[in-house]
Protein chains: 2
Amino acid sequence: MILVIKMVGYPNGSKKHINHATNKADAGKRGMSLEADLNQSNDYYRLNQIAVIHKKPTPVQVVTVDYPSRNKARITEAYYRHPSTTDYNGIYKGYYVDFEAKETKNKTLLPLQFIHPHQLEHLASVEREGAISFVIIRFSSYNETYLVFSKDLFILLEDKTIKSITLKWIIEHGHRCPFRYQIPCDYLTIVEQERMRRLSTDE
Amino acid sequence: MILVIKMVGYPNGSKKHINHATNKADAGKRGMSLEADLNQSNDYYRLNQIAVIHKKPTPVQVVTVDYPSRNKARITEAYYRHPSTTDYNGIYKGYYVDFEAKETKNKTLLPLQFIHPHQLEHLASVEREGAISFVIIRFSSYNETYLVFSKDLFILLEDKTIKSITLKWIIEHGHRCPFRYQIPCDYLTIVEQERMRRLSTDE
């Protein structure tokens, strides 16, 4: 039995009721707004010496570089590459923290193809080494954000026929990320509970 | 008194006696060969489930993107940005590991300007959170590579007049990275000693 944390007491100042004509996931825009919220939260954590967690730069394959002046390199041909790891990692109270963030406009599920197989492999690898690892999923239609620990996700994915992660399953097995003043996605409150659980079980 | 580990027993198969007309640091090439060695070492660590440590992608500021076909984004104008963190991080036996790698052709010192102030700040931040953090410095003229823990480096840098890190100081306060078969820069053997020290002192 997994406790679902409902931080209903938190004000949700950024709550928007977005009405989309389609509930198809918009791959082009996904992650942008969540990314901004996570960057702001991570800035707060860092400036207040709570944690040091950064988004990794998007990997780019550079093909051609011009040098219009001695010290300025101008890239004139390059392509986005698939990341081989997750987007975010860092340290919180001695724990290595690692996660991927995904946003969808879909109202009932996150298609599993949003998370690359090598990202799942990466989460499994760091979890094995003792990381606190998870996926943060935002349903932008509701502006609700959830944290799902890797170990719970892996139990779900043992069923190889699974094609998506449903919101219903996420509500049951994940944890709602509270919105707080200056911390639009305060996922560390959930990580802290996992840290305390590990300390108490000497895991 | 800090123990300097001399792994004289290790074969140094890649040892080359490079003779450069100048001992000026070559900024354009610095880090390339060390980077290849670190990538190979990290691949070995990862494939053998010893540690999960990755080089972060070089941050690029994308200005213009063309879409010649539906699914292919082609970047046509972009610039390299200064990284705000170190190049490498990951997890080893539950410890968050974070480091920067620098290579110089200079025979006696590493100019301090090779390490950006925000990278030093980042090392201080993660060290405060419990990371094992360090700088790996290669003197390519000798093909010798050293690991210097952040805490030792910070003691040196308390002297604000310091403009460079001398090889003499590095030999005294750092640790020589052994070359091993399949692990051209086996820095984790030194990290392991630090991990054991922390475990024994309950740090």
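**A tour from the chain contact to a helix pair**

Start where the two chains meet: 31 residues of chain A and 31 residues of chain B form the contact. Keep in mind that this is a predicted model.

Now select the side of chain B that touches chain A. Four elements each supply at least two residues there: strand S1 (52-55), strand S3 (72-80), strand S4 (88-92) and helix H2 (117-128) of chain B. Color S3(B) next, since it is worth a stop: with 8 residues, S3(B) gives the most to this side. Then color by residue class. The side of chain B that touches chain A holds 15 nonpolar, 9 polar and 7 charged residues.

Stay with S3(B) and add strand S3 of chain A, residues 72-80. The two strands pair across the chains in the antiparallel sense, over 4 bridges. For one pair to zoom in on, pick A:Tyr79. Opposite A:Tyr79 stands B:Arg74, in S3(B).

Next, move to the helices of chain B. Select H2(B), which also supplies residues to the side touching chain A. Add helix H3 of chain B, residues 150-157. The axes of H2(B) and H3(B) lie 10 Å apart, and the helices pack at an angle of about 130°. That angle makes H2(B) oblique to H3(B). The crossing of H2(B) past H3(B) is left-handed.

Last stop: show the side chains where these helices meet. From H2(B), select B:Leu123, B:Ala124 and B:Glu127. From H3(B), select B:Ser150, B:Lys151 and B:Phe154, which they meet. Which classes make up this contact? The contact of H2(B) with H3(B) has 3 nonpolar, 1 polar and 2 charged residues.

Note on methods:
Residues numbered from 1 in each chain as written. Chains lettered and ligands numbered in written order. Predicted model: local features only at pLDDT ≥ 70, side-chain atom pairs only at ≥ 80, totals over all residues. Contact = placed C-beta atoms within 7 Å. Nonpolar A, V, L, I, M, F, W, Y, C, P; charged D, E, K, R; others polar. Pairing = 2+ DSSP bridges. Axes fitted to C-alpha atoms, helices over the stretch in contact; angles between N-to-C directions. Parallel < 35°, antiparallel > 145°, perpendicular 65-115°, else oblique. Left-handed = near helix turned anticlockwise from the far one by under 90°.
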